[in-house]
Amino acid sequence: MIVVMGATGRTGRKIAARLLAAGCRVRALGRSESKLAALERAGAEVLTGDAADAAFLARAFHGAAAVYTLLPTDPRSADYRARQRREGEAIAQALGESGVRRVVALSSLGAELAAGTGLIVGLHDQEQRLQRLAGVDLLLLRPVTFFESFRDALGPIARHGVHADAVAPDLPLPMVATRDIAAAAAAAALAVPDWRGVVVRELLGPRDLSYREATRLLGQRLSLPDLASVQLPPAAMTDALVGAGCSASFARLYLEMTRAFGDGTIRPLAGRTAENTTPTRFEDVVDELVGDDRAA
């Protein structure tokens, strides 16, 4: 039995599907029974509950050969860091109580840093909690920007005719497809362990990509060949995030994170290597991002 947290999310859904396709018993966790229904029909055992509820998680993790964990914090949380802390502490406590010995955790590039990275500081703290668990083999997956995050921009693009963010348009960033994260996580959970103790694996996509280039490719699929990417100043970005329903706490941490991208604070530990380069290109998923109705 392998337990997958966030099984209705961008990485968890793909991981659960891969494991089921491989004939593995899967226990899929999420917040919504209706969103878990498709995985249940596919053969998964499904459980709904709060990721900040240690008792629920301990029951869910019990008897698992491996667990995929993440921090599924809601950007609407009034105190985003406090919610990260509650969820992280609950996950670590539940893992310790359940006796699980193999954990694959979704983290982020830059999680080795204890400060100055905004949203990612909470992932640093979580890595530290997980590393303190006795007798657990821990794989920390560290991607950064997901290709799929551009799907969230489709609504604003439709309304304003531009892609806007706090990131400088020409800044090259390692971006990755969630399918490649899922492949790495599922392989680690299923395979005969070739790692022991604590292992960090960065996942950087096939090449660094700027927001301007990603926006150009997205615009081609949207029949908007002149679609531009612009950098918003901090106050305007805060207003945009809060206007979209995010908390002021989340917005502040998001801006700190994007500044850390821009000044090079967040960067791969070993540069780009064959081991941290993943195969899927932005061009390979752009149809999926814009929806089947626009796919060629």
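With which side chain does the side chain of Arg-142 make a polar contact? In this predicted model, the partner is the side chain of Glu-112, at a distance of 3.3 Å. Arg-142 is found in strand β6, which spans residues 137–142, and with a relative accessibility of 4% it falls under the 20% limit and therefore counts as buried. Leaving aside neighbours within four places in sequence, the residues in contact with Arg-142 include Ser-107, Ser-108, Leu-109, Ala-111 and Glu-112, together with Glu-127, the run from Val-200 through Arg-201 and Glu-202 to Leu-203, and also Leu-269.

Side chains of opposite charge can pair when their charged atoms come close. A search of the whole structure finds 20 salt bridges, and one of these joins Glu-127 to Arg-142, with the closest N and O atoms 2.6 Å apart. Because Glu-127 lies in helix α5 (residues 119–131) whereas Arg-142 belongs to strand β6, the pair ties together parts that are 15 residues apart in sequence. Both Glu-127 and Arg-142 are buried.

Arg-207 takes part in salt bridges with Glu-213 and with Glu-283, the N to O distance being 2.9 Å for the pair with Glu-213 and 3.7 Å for the pair with Glu-283. The latter pair links distant parts of the chain, since Arg-207 is placed in the loop between β10 (198–202) and β11 (208–209) and Glu-283 in helix α11 (residues 282–290), 76 residues apart. Arg-207 is partly exposed, with a relative accessible area of 33%, and partly exposed is also the assignment for Glu-283, at 31% relative accessibility, and for Glu-213, with a relative accessible area of 24%. In addition, Lys-14, Arg-151, Arg-179 and Glu-288 are linked in a network of salt bridges.

Contacts between residues remote in sequence are also found for Phe-250, which lies in helix α10, a segment covering residues 248–262. The relative accessible area of Phe-250 is 11%, and this residue is therefore classed as buried. When its neighbours within four places in sequence are left aside, Phe-250 is in contact with Pro-75, Tyr-80, Leu-119 and Leu-241. Of these partners, Leu-119 is 131 residues from Phe-250 in sequence, yet the C-alpha atoms of Phe-250 and Leu-119 are 7.6 Å apart in space.

Notes: Residues are numbered from 1 along each chain as its sequence is written. This is a predicted model: local features need pLDDT of at least 70, side-chain atom pairs count only at pLDDT 80 or more; totals for chains, interfaces and linings use all residues. Side-chain values use heavy atoms; hydrogens and water are left out. Helices (H or I, at least four residues) and strands (E, at least two) are DSSP runs, numbered from the N terminus. Buried means under 20% relative accessible area, exposed over 50%, partly exposed in between (1.4 Å probe, protein chains only). Contact means heavy atoms within 4.5 Å. A polar contact is a pair of N or O atoms within 3.5 Å; within protein, one must be able to donate a hydrogen and the other to accept it, and residues adjacent in sequence count only if both atoms are side-chain atoms. A salt bridge is a side-chain nitrogen of Lys or Arg within 4 Å of a carboxyl oxygen of Asp or Glu.
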